[in-house]
Amino acid sequence: MGLKFLSALLIPGLLVVLFTRVAYNHVIGLVLTVALIAASVYKGYTDSFWLIVVDAFSLTVGFWYSQRMKKNFQKKS
C-alpha cells in the first residue's frame, strides 16, 4: 500500500510536466494526465479515497510547476 501512495504522490505530477513539455500547453498536459488517472480508476487500480486525494494533490502541484516553468521559458525567449 505504501508503494501505491508513493507512486500517487510522484507520478501524476511528473506526467503533467512531461505532457506540458511535449504539447507546449499546460492545460493539455493536465487533461491527458487526468484521463490516464480516470482510466486507472475505471480499471480498479485505485481502490481508496485517500489515493484519489493524493493523486489530486500531485496533479495540482504538477500543474502549478508546469505553469511556472512555461512562464519562465516564455520570459527567456
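## A bend in the first helix

Helix α1 bends by about 25° at A8. A proline, P12, follows within four residues of the bend. This is a predicted model, and the angle is computed from its atoms.

The helix itself covers residues 2-23, which makes 22 residues. From its first C-alpha to its last, α1 reaches 32 Å. That is close to the 32 Å expected at 1.5 Å a residue. Just after α1 comes Y24, which takes a positive phi of about 60°.

## The overall plan

The protein has 3 helices and 0 strands. Along the sequence the pattern reads α-α-α. The C-alpha atoms fill a box of roughly 45 × 20 × 15 Å, taken along the principal axes.

How much of the protein is buried? Of its 77 residues, 27% count as buried. Contacts reach far along the chain too. Take the contacts between residues at least 6 apart in sequence: 70% of them join residues at least 24 apart.

## The buried side of α1

Which residues of α1 are buried? They are A8, P12, G13, V16, V17, F19 and T20. A8, the site of the bend, is on this list, and P12 is there as well. An α-helix has 3.6 residues a turn, so residues three or four places apart point the same way. The buried residues of α1 pack against α2 (26-43) and α3 (49-76).

T20 gives a close-up view. This residue sits in helix α1. Is T20 buried or exposed? Its relative accessible area is 4%, and the cut-off for buried is under 20%, so T20 counts as buried. Leave aside the neighbours within four places in sequence, and T20 is in contact with N25, H26, G29, S66 and M69.

## The third helix

Helix α3 has 28 residues. It reaches 41 Å from its first C-alpha to its last. The expected value, at 1.5 Å a residue, is 40 Å, and the two are close.

The buried residues of α3 are L51, V54, D55, S58, L59, G62, S66 and M69. What covers them includes α1 and α2. S66 and M69 are both on the buried list, and both are in contact with T20 of α1.

F57 is another residue of helix α3. Its relative accessibility is 51%, and exposed means over 50%, so F57 counts as exposed. Along the chain, F57 and P12 are 45 residues apart. In space, their C-alpha atoms are separated by 9.0 Å.

## One salt bridge

How many salt bridges does the structure hold? It holds 1. D47 forms this salt bridge with K4, and the closest N and O atoms are 3.4 Å apart. The pair links distant parts of the chain. D47 lies in the loop between α2 and α3, while K4 lies in helix α1, and the two are 43 residues apart. K4 is partly exposed, with a relative accessible area of 35%.

S7 is also found in helix α1. Its relative accessibility is 28%, and it counts as partly exposed. S7 and Y45 are 38 residues apart in sequence. Their C-alpha atoms are 12 Å apart in space.

## The outer surface

The accessible surface of the protein comes to about 5,600 Å². Carbon and sulfur atoms account for 72% of that surface.

Which residues make the nonpolar surface patch? They are L3, L6, L9, L10, I11, L14, F57, V61, W64 and Y65. Together they form a patch of about 1,000 Å². The elements that give two or more residues to the patch are α1 and α3. The largest share, 6 residues, comes from α1.

L6 is one of the patch residues, and its place is in helix α1. With 47% relative accessibility, L6 falls between the 20% and 50% cut-offs, so it counts as partly exposed. F57 belongs to the patch as well, and at 51% F57 counts as exposed.

Methods. Residues are numbered from 1 along each chain as its sequence is written. This is a predicted model: local features need pLDDT of at least 70, side-chain atom pairs count only at pLDDT 80 or more; totals for chains, interfaces and linings use all residues. Side-chain values use heavy atoms; hydrogens and water are left out. The expected span of a helix is 1.5 Å times one less than its number of residues. The bend at a residue is the angle between axes fitted to the seven residues ending there and the seven starting there. Buried means under 20% relative accessible area, exposed over 50%, partly exposed in between (1.4 Å probe, protein chains only). Contact means heavy atoms within 4.5 Å. A salt bridge is a side-chain nitrogen of Lys or Arg within 4 Å of a carboxyl oxygen of Asp or Glu. Accessible areas come from the Shrake-Rupley method with a 1.4 Å probe; for residues, only the protein chains shown count as cover. Patches are made of residues with over 30% relative accessible area and no salt bridge: like charges are joined within 9 Å, nonpolar side chains (Val, Leu, Ile, Met, Phe, Trp, Tyr) within 5 Å.
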